Amino acid sequence: MSASVAVYRNIYTEDRFKQAYGSDDSTSGSLRLRDKLAGRCRCSRQTCLHLLRERVPIFNWLPRYRLKKWILGDTIGGLTVGILHIPQGMAFALLTSVAPIFGLYTSFFPVVLYMVFGTGRHVSTGTFAVVSLMTGSVVEQLVPTPLEMNSSSSEAADFEAQRIGVASAVALLSGIIMLCMFGLQLGFLSTYLSEPIVKAFTSAAAFHVTISQLQSMLGLRLPRHTGSFSLFKTLASVMENLPHTNTAELLISLVCLAVLVPVKEINMRYRQRLCTPIPVEILTVIIATGVAYASSLDSTYNIEIVGHIPAGFPGPRMPALHTFPDIAGDTVAITFVGYAVSVSLAMIYADKHGYSIHPNQELLAHGISNTVSSFFTCFPSSATLATTNILESAGGYTQLSGLFTSLVVLVVLLLIGPLFYFLPKAVLACINVTSLRQMFLQFQELPELWRISRIDFMVWVVTWLSVVVLNVDVGLAIGVVFSMMTVICRTQRAGCSVLGRASNTEIYRPLENHSKCYEVPGVKILTYNGPIYYGNRSFFREEMSRLLGLTPERIRSREKARKAMEKREREAIVSTVERAIANTSFSSENEFFKSETSESNVQAVLIDCSSVTFVDVAGARLFTQMCTECQKVGVYVYLANCNESVLKILTSSGLMTYMNPQHIFVTVHDAVMYIQQQKEKPPENTTTVWV
C-alpha cells in the first residue's frame with residue numbers, strides 16, 4: 001500500500017524563513033569566537049592532560065590496553081614484522097645507495113617514535129621501496145659512484161659517510177617540512193594525491209625499483225642513472241653489458257627468486273590458515289650467508305657481498321646541512337609521497353577495524369620520526385605496504401607491536417649484525433624485487449576502474465606513463481596536475497538542465513531524464529550542477545542564454561518595445577503614478593504578468609541553486625548581468641535552494657539592487673507556488689502539496 005503525505009504551510013522566502021527559524025548570526029558568531037578564544041587560552045590541569053593525550057597518543061591508549069586480549073597478537077605480529085624488517089631494511093638501503101647497516105637503523109628508530117606519536121594501530125613504519133628509490137636518486141646526483149674505488153680504503157669510508165650524510169639531510173628536511181605542515185594544520189593536503197594517483201605512482205615506481213636491481217642480480221658494476229628517462233637508460237646499460245654478467249651471481253639470483261616467489265605466494269593465498277607468515281626472507285638471508293661463507297664465493301667467483309656491519313648502537317651525527325638548497329625540491333616530493341602512502345594505509349586499516357586516525361597527528365608522528373632519526377644516520381622512512389599487511393594478518397592490535405618489532409632489530413644491531421658480512425648483495429636485490437608483488441598486482445584493478453570512472457582510469461594511465469617514462473618525482477607532479485585539470489574541466493563543463501514537475505508532487509527533476517515530468521507553464525526552471533566561478537562563467541552564460549533564448553537581437557528589440565510602452569504610459573498617467581513606477585525593477589508582478597506580450601511564453605526564470613556549491617566575484621557579477629538582461633526582455637529572475645555562502649556572496653556583490661529580495665525562496669516549489677499565485681492573484685499564500 002502506497003502512503004501519501006499532505007503538507008500545508010506558508011510559502012517561505014529566504015528572509016521569511018530566516019525570521020521564523022534562523023538565529024542571530026552576529027551575536028552567536030561573536031559568542032562562538034569569544035568561546036573559542038577563551039577555550040584555547042584556558043590553562044588547567046585537565047586541558048594539559050587532554051593536550052598531552054592528543055599529541056602523545058601512547059598516554060591515551062596504553063592505560064586502556066587490554067593485556068590478556070591483545071598482548072599475544074601484538075607480540076606475534078611485532079616479532080614477525082621485526083624478522084621481515086632485517087632483510088628488507090638492508091635491501092632498501094641498497095636502493096637508497098647507502099650501506100646496509102643504515103637500513104637497519106632506519107628500521108629501528110622510526111618504529112619506536114611512531115609507536116609513541118602515531119595514531120594508526122596497524123601501521124608498520126620503516127624503510128619503503130618507493131621512498132628509498134627517490135632518496136637514492138638524490139644521493140646519486142650529489143655523491144655519484146666512482147668507477148674505481150678500493151672498498152677497504154679510507155676513501156670508501158669517506159664516500160659512505162658523504163652518502164649517508166645526504167640521505168640523513170633528506171630525512172631531516174622531510175621531517176621539518178612535516179612539522180611545519182602540522183603547525184599549519186595542512187593534513188588535508190594528502191587528499192590531493194588521490195587513490196588512482198597513489199596506486200599508479202607506486203606501481204610505476206615498482207618498475208624503476210626492479211630495473212635498478214637488475215645490475216645487482218646479474219653482478220654488473222654499472223653507474224646509476226638519474227633524471228628523466230633513467231629507467232630506459234638503465235635498461236639499455238644493462239642490455240649492453242649482458243656479456244659481462246657474473247654467472248655465480250646470476251645463479252644466486254635465480255635460486256633466490258625460485259624460493260622467494262612461491263613461498264610468498266603461499267603466504268598470500270593461505271594467510272588465513274597460517275598462524276604467522278613463513279619468514280622466507282630471513283631464512284634466505286641466513287642460508288645464503290652461510291653458503292657464501294662456506295664456499296668463499298666473494299673471493300672465488302668475485303661476487304659482491306654486504307661487507308662489514310658494525311655492531312652496537314649508532315652515535316648521534318649531524319646530517320649534511322649544507323646540501324639543503326640542492327635537495328629541497330626532491331625532498332618536497334619525497335615528503336608528500338611518504339605522507340600520502342602512510343595516511344592512506346592508516347585510513348584503510350582504520351576503516352576496516354572501526355577506529356579513526358588523525359591526519360594532522362600523523363604529520364606530527366612522521367615529522368618527529370624523520371627529524372629525530374636523521375641524527376642517527378637514518379634515511380627517510382614511512383609506512384610500508386608489505387609489513388603493514390603482514391602485521392594486520394599476524395594478529396596485531398595496537399601500536400605496542402612496534403615495541404616487539406624494534407626489539408628484534410635491536411638484537412640484530414647489538415649482536416647479530418656482523419654475522420651478515422658474507423651476505424651476497426644479489427640476495428638483497430631479489431628481496432627488493434619480490435617485495436613489490438602488491439604494487440605490480442594493482443594492474444588487476446584497471447578493468448574495474450575503467451568500468452566505474454573513465455576519468456580516474458585516465459588519471460591512472462597518465463600518472464603511470466609519466467613516472468615510467470620520465471622519473472618518479474616529475475611523473476608524480478604530472479599526475480597531480482592532470483588530476484586537478486580533470487576536476488577543473490568537470491566543473492567548467494557542469495551540466496545545465498531544465499527541470500520539470502512530477503504531477504501532484506513538489507518533486508522537480510531534469511526533463512531529459514524524466515519524460516513524464518512536465519514543465520510549469522510560463523516558468524523556466526533551470527539547475528546548474530556545479531560551482532559558478534571565473535573558470536566556467538562563460539559556459540554558464542552560454543547555457544543559460546541558449547535555454548532562455550537570450551540573443552542580443554531579442555534583448556535589443558524587447559528593450560526598445562518596453563521603452564515605447566513606458567513612454568505611452570507616462571503620457572497617459574498623472575505625475576503621482578509616475579513616482580510610483582519610477583523603479584521599474586520592483587514594479588508589481590501582477591502588472592507584469594498581465595502586460596506580458598513577448599513572443600515567448602516564458603514569463604519567469606527560476607534558478608535552482610541546490611547544486612551550486614560556491615560562487616566567486618565573477619560568478620556573482622554574472623548573476624547581476626543576467627538578471628538585468630532578463631528584465632530587459634520582460635522576464636523576472638527567481639532563486640531557490642541557495643546555501644548560506646552562495647547567498648552571502650550574491651548579496652554582498654549588490655545583486656539585490658537589481659533583484660527583489662523577496663524573489664529568493666527556500667525551495668523550488670515555494671517559488672513556483674509564489675509565481676503561480678501572482679498570476680492568479682489568490683486571497684492567501686498557502687501551499688498545499690500532495691505526495
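Three helices, H8 (129-142), H10 (195-218) and H11 (230-240), each hand at least two residues to the lining of the second largest cavity. H10 gives the most, with four residues. This is a predicted model, and the space in question has a volume of about 160 Å³. There are 15 residues around the second largest cavity, and those nearest its centre are Leu-133, His-208, Ser-212, His-225 and Ser-230. Sort the lining by type and you get four nonpolar, ten polar and one charged.

Now for the other cavities. The count comes to eleven cavities of 30 Å³ or more, and the largest has a volume of about 310 Å³. Which residues lie nearest the centre of the largest cavity? They are Lys-264, Asn-267, Met-268, Ala-386 and Ile-390, out of 18 that line it. Helices H5 (67-95), H12 (247-269), H17 (385-393) and H20 (437-440) each put in at least two lining residues, and H17 gives the most, with four. The lining of the largest cavity splits into seven nonpolar, seven polar and four charged residues.

Then there are the pockets. The second largest pocket holds about 950 Å³ of space. It is lined by 31 residues, with Lys-199, Leu-345, Ile-348, Leu-385 and Gln-442 closest to its centre. Two or more residues of this lining come from each of H10, H15 (324-353), H17 and H20. H15 has the largest share, ten residues. By type, the lining of the second largest pocket has twelve nonpolar, eleven polar and eight charged residues.

Lys-199 turns up again among the salt bridges. Side chains of opposite charge can pair when their charged atoms come close. The model has 15 salt bridges in total, and here are three of them:

| Salt bridge | Closest N to O distance |
|---|---|
| Lys-199 and Glu-445 | 2.7 Å |
| Glu-304 and Arg-221 | 3.8 Å |
| Glu-543 and Arg-546 | 2.9 Å |

Take the pair of Lys-199 and Glu-445 to begin with, whose closest N and O atoms are 2.7 Å apart. This salt bridge links distant parts of the chain: Lys-199 belongs to helix H10, while Glu-445 is in the loop between H20 and H21 (446-452), 246 residues apart. Glu-445 is partly exposed, at 34% relative accessible area.

Next comes Glu-304, which forms a salt bridge with Arg-221. Glu-304 sits in the loop between H14 (297-300) and H15, and Arg-221 in the loop between H10 and H11, so their pairing ties together parts that are 83 residues apart in sequence. Glu-304 is partly exposed, with a relative accessible area of 28%, and Arg-221 also counts as partly exposed, at 45%.

Glu-543 and Arg-546 also meet in a salt bridge. Both are in helix H24 (residues 537-548), and because they are three residues apart there, about one helical turn separates them. Is Glu-543 buried or exposed? Glu-543 is buried, with a relative accessible area of 14%. Arg-546 counts as exposed at 53% relative accessibility. Elsewhere, shared partners join Arg-221, Glu-249, Glu-304 and Lys-425 into one salt-bridge network.

One last stop is Ser-374, found in helix H16 (residues 359-374). Ser-374 counts as buried because its relative accessible area is 0%, and buried means under 20%. Which residues touch Ser-374, leaving aside its neighbours within four places in sequence? Ser-374 is in contact with Ser-168, Ala-171, Leu-172, Arg-317 and Pro-319.

Technical notes: Residues numbered from 1 in each chain as written. Predicted model: local features only at pLDDT ≥ 70, side-chain atom pairs only at ≥ 80, totals over all residues. Heavy atoms only, no water. 1 Å grid on protein atoms, 1.4 Å probe; cavity = no way out; pocket = protein on both sides within 12 Å on 5 of 7 lines; lining within 4 Å. Points joined across faces, edges and corners; volume = space filled by probe spheres on them. Nonpolar A, V, L, I, M, F, W, Y, C, P; charged D, E, K, R; others polar. Buried < 20%, exposed > 50% of the residue type's maximum accessible area, 1.4 Å probe, protein only. Contact = heavy atoms within 4.5 Å. Salt bridge = Lys/Arg side-chain N within 4 Å of Asp/Glu carboxyl O.
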